[in-house]
Amino acid sequence: IRCWSNIPFITMPLSRAHGKSFAHRSELKHAKRIVVKLGSAVVTRGDECGLALGRLASIVEQVSMLQNQGREMMIVTSGAVAFGKQRLRHEILLSQSVRQALHSGQSQLKDMAIPVLEARACAAAGQSGLMALYEAMFTQYSICAAQILVTNLDFHDEQKRRNLNGTLHELLRMNIVPIINTNDAVVPPPEPNSDLQGVNVISVKDNDSLAARLAVEMKTDLLIVLSDVEGLFDSPPGSDDAKLIDIFYPGDQQSVTFGTKSRVGMGGMEAKVKAALWALQGGTSVVIANGTHPKISGHVITDIVEGKKVGTFFSEVKPAGPTVEQQAEMARAGGRTLAALQPEQRAEIIYRLADLLTDQREEILLANKKDLEEAENKGRLALPLLKRLSLSTSKLNSLAIGLRQIAASSQDSVGRVIRRTRIAKDLDLEQVTVPIGVLLVIFESRPDCLPQVSALAIASGNGLLLKGGKEAARSNQILHHLTQEALSIHGVRDAVQLVNTREEVEDLCRLDKLIDLIIPRGSSQLVRNIQKAAKGIPVMGHSEGICHVYVDTDASVEKVTRIIRDSKCEYPAACNALETLLIHRDLLRTPLFDQIIDMLRVEQVKIHAGPKFASYLTFSPSEVKSLRTEYGDLECCIEVVDSVKEAVEHIHKYGSSHTDVIITENEETAEFFLQHVDSACVFWNASTRFSDGYRFGLGAEVGISTSRIHARGPVGIEGLLTTKWLLRGDNHVVSDFSEHGSMKYLHESLPLPQRNAS
């Protein structure tokens, strides 16, 4: 048991029997003892003379954060030579005689030749300063650091090895961060050739091997090797086809071409890989990552420990299936083949999937039953999520009907000409619909989403990556199997992929070169997290479904309670359920108002009073904490407004631009509401629950979008298409259209081809 006087809390249990490395990145958060190796390129400045102080401070901050979580951190550092070189150059300049300086003149002084500095002398001059800098930085976080200088002899001599091991264990026991470096002041001179101009640098590969050896010697859980490249590539970084290797397995080095060495030092990536494999064999997990990139260096160490996809992770456990990157590439290739099929062939695939949903009903429901039982036993899902997880015969029948609608409406979706223009004689331009590319759909607790989204992707010719919640793993597995069975009838099985690896959602959102659009289906928190994590990939969806119903003074008594009951109580967990009920002030203390309240009480809806509504009541329900709340349950807010104009203003201020409704018999008031409310869906005398792709006749939807670009509202096939321009000419060049050219622009609109009436 370890007690820390300066640590307020430990965020997670950190205990693990050493002997076997972690199999997956997600397990790295359990690492207790960690070695961070800082390469020369990370520690030194770009001019190779002096230290990168900002970068070093950021690394110290991250190490301190992990140390204060109860982990045991060690640093293997370079930098003494560079720091010493800076000091010695300064001393040499100062030691020039004043007479010589005055005689030479200022301009010549700047160009004064600096003698070549011997590396061991630089190390001797720089080690104390480097350590003083580390001590000063760690002191800011109430952490003590200690320096240990080693040579190869300290590992070859058994007594010295035991002494080193004992010293390090004692320092870790006292919550001290050991700073380890090769004793470059006494090691043998390096090879004559050097990467560093003007200085013979002690080989960086010594620190790579030192870090690996130290990690195994100390039974370390994780070794983080920071360099000036993102990780290990399948070909030299910078080449056109170079791809970062996410996970590297022993035996894969034959398929890798090593590039040039780093700008500082002599180890290179090959030395790092050898050291990493040696450490992996000794039971230590290894990650090689970039410690110099300004956008990630400030959190690279903590990201690695949190299991995020950073750098190259070395693992002994090779997964049975493809990586998510390979799945994305398969989906893109399959999607292109899918888009090239005839519309009838794509429709045939969807019809086949609809048939399989009913034919294989018993197998699907059995798998879903197991998911439900496991979720109930673990108690990890709220009742609304359990309802979403549940499948039934009626749900499967509805799914099949929706899929057949998609198949019937998809006949001319891809390749449809939407504009034709005659630019000039024999030069015709067409704008045609094409698939977006590869879609990533992330969904929670709703296995029925899988066949819906798959059918829409098939109809629109898009490749598809699906990431479902683990609570629906069995249901998703069988539904995906049936989807691929349907795709197989035209040889495009790979177009729809289900991600089964332990990929974090945040890591998937970084695949900007492989994924063209992300569509989240789940809680508002999930959508917000994805919108935040997506880097360079557009996200289609809405983070909240704060839907309003406004009851006007001219509302019909018969319609009000029916529409409100359906909007709130039919499926309160849905994103298109009523969350805020706006009542015109003149309706307070009327029979209609009493009927609304009585109906909500009968339906066991908990009422929260808005500020204005509460001011009218002597004894009011609990006042709402925020008027911008999505309850997702049998709860709603009631607020009072003075007019339809104030209702519109309230919706714009507190709504989420999802779905908003007016109940009134006054057509003029209704039209004002319909035209002025700026939401994706605006209804008159109809339930908010109609905001749905199936109910709109789209067959199904991939989600409801509240964005203002590309697609808005329930998104069906049309929202999964973009366009491209086709120009057909005959030896046309732009110079022919110049002032003195022989041709003139016509820009005539041409009739569109007839759409398929079937």
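Q: Two strands pair if DSSP finds at least two bridges between them; in which sense, then, do strand 2 and strand 4 pair?
A: Let's start by saying that this is a predicted model. Strand 2 covers residues 72–77, and strand 4 covers residues 176–182. The two are joined over 2 bridges, which meets the cut-off of at least two. The sense of their pairing is parallel.

Q: Which residue in strand 4 is the bridge partner of V76?
A: V76 belongs to the group E72, M74 and V76, which point one way from strand 2. Across in strand 4, the bridge partner of V76 is I180.

Q: Which residue of strand 2 stands opposite L38?
A: Strand 1, residues 33–38, also pairs with strand 2 in the parallel sense, here over 6 bridges. L38 takes part in this neighbourhood, and opposite L38 in strand 2 stands T77.

Q: How many of the residues in strand 2 are buried?
A: Look at the way the side chains point: E72, M74 and V76 go one way, while M73, I75 and T77 go the other way. Residues on both sides are buried, with the cut-off for that word being under 20% relative accessible area. Strand 2 is thus mostly covered, and the count of buried residues is 6 of 6.

Q: Which residue in strand 14 is the bridge partner of L439?
A: Strand 14 spans residues 517–521 and is mostly covered, with 5 of its 5 residues buried. L517, I519 and R521 point one way and I518 and P520 the other. Strand 11, residues 438–443, runs parallel to strand 14, and 5 bridges join them. In strand 14, the bridge partner of L439 is L517.

Q: Which strands are at the edges of the open sheet with the order 17-18-16-15-19-20?
A: This sheet has 6 strands, and the pairing is parallel. An edge strand pairs on one side only, and the two that do so here, with residues 606–609 and 681–684, are strand 17 and strand 20.

Q: Which residue in strand 16 stands opposite V551?
A: Within that sheet, strand 15 (residues 547–551) pairs with strand 16 (residues 578–584) in the parallel sense over 5 bridges. V551 is in strand 15, and opposite V551 in strand 16 stands I583.

Q: What angle does the direction of helix 25 make with that of strand 20?
A: Helix 25, residues 667–676, packs on the sheet and touches strand 15, strand 19 and strand 20. Angles over 145 degrees count as roughly antiparallel. The direction of helix 25 makes an angle with that of strand 20 of about 175°.

Q: Are helix 14 and helix 18 roughly parallel or roughly antiparallel to each other?
A: The axes of helix 14 (residues 361–378) and helix 18 (residues 473–487) come within 7 Å and cross at roughly 160°. An angle over 145 degrees is the cut-off here. Helix 14 and helix 18 are therefore roughly antiparallel.

Q: How many nonpolar, polar and charged residues are in the contact of helix 14 with helix 18?
A: On the helix 14 side, the residues include I364, A367 and E374, and on the helix 18 side they include A473, I478 and L482. Sorted by class, the contact of helix 14 with helix 18 has 6 nonpolar, 2 polar and 5 charged residues.

Q: Which strands stand at the edges of the sheet with the order 23-10-9-24?
A: This open sheet has 4 strands, and the pairing is antiparallel. Strand 9 (residues 417–424) and strand 10 (residues 427–435), for example, are joined by 6 bridges, and A424 stands opposite L427. An edge strand has a single partner strand, so one side is left without a neighbour in the sheet; that applies to strand 23 and strand 24.

Q: Is N731 buried or exposed?
A: N731 lies in the loop between strand 23 and strand 24, and H747 is in that loop too. Phi of N731 is near 65°, a positive value in a residue other than glycine, and H747, not a glycine either, has a positive phi of about 50°. The cut-off for the answer is over 50% relative accessible area. Because its relative accessibility is 72%, N731 counts as exposed.

Terms used:
Residues numbered from 1 in each chain as written. Predicted model: local features only at pLDDT ≥ 70, side-chain atom pairs only at ≥ 80, totals over all residues. Heavy atoms only, no water. Contact = heavy atoms within 4.5 Å. Axes fitted to C-alpha atoms, helices over the stretch in contact; angles between N-to-C directions. Parallel < 35°, antiparallel > 145°, perpendicular 65-115°, else oblique. Nonpolar A, V, L, I, M, F, W, Y, C, P; charged D, E, K, R; others polar. Buried < 20%, exposed > 50% of the residue type's maximum accessible area, 1.4 Å probe, protein only.
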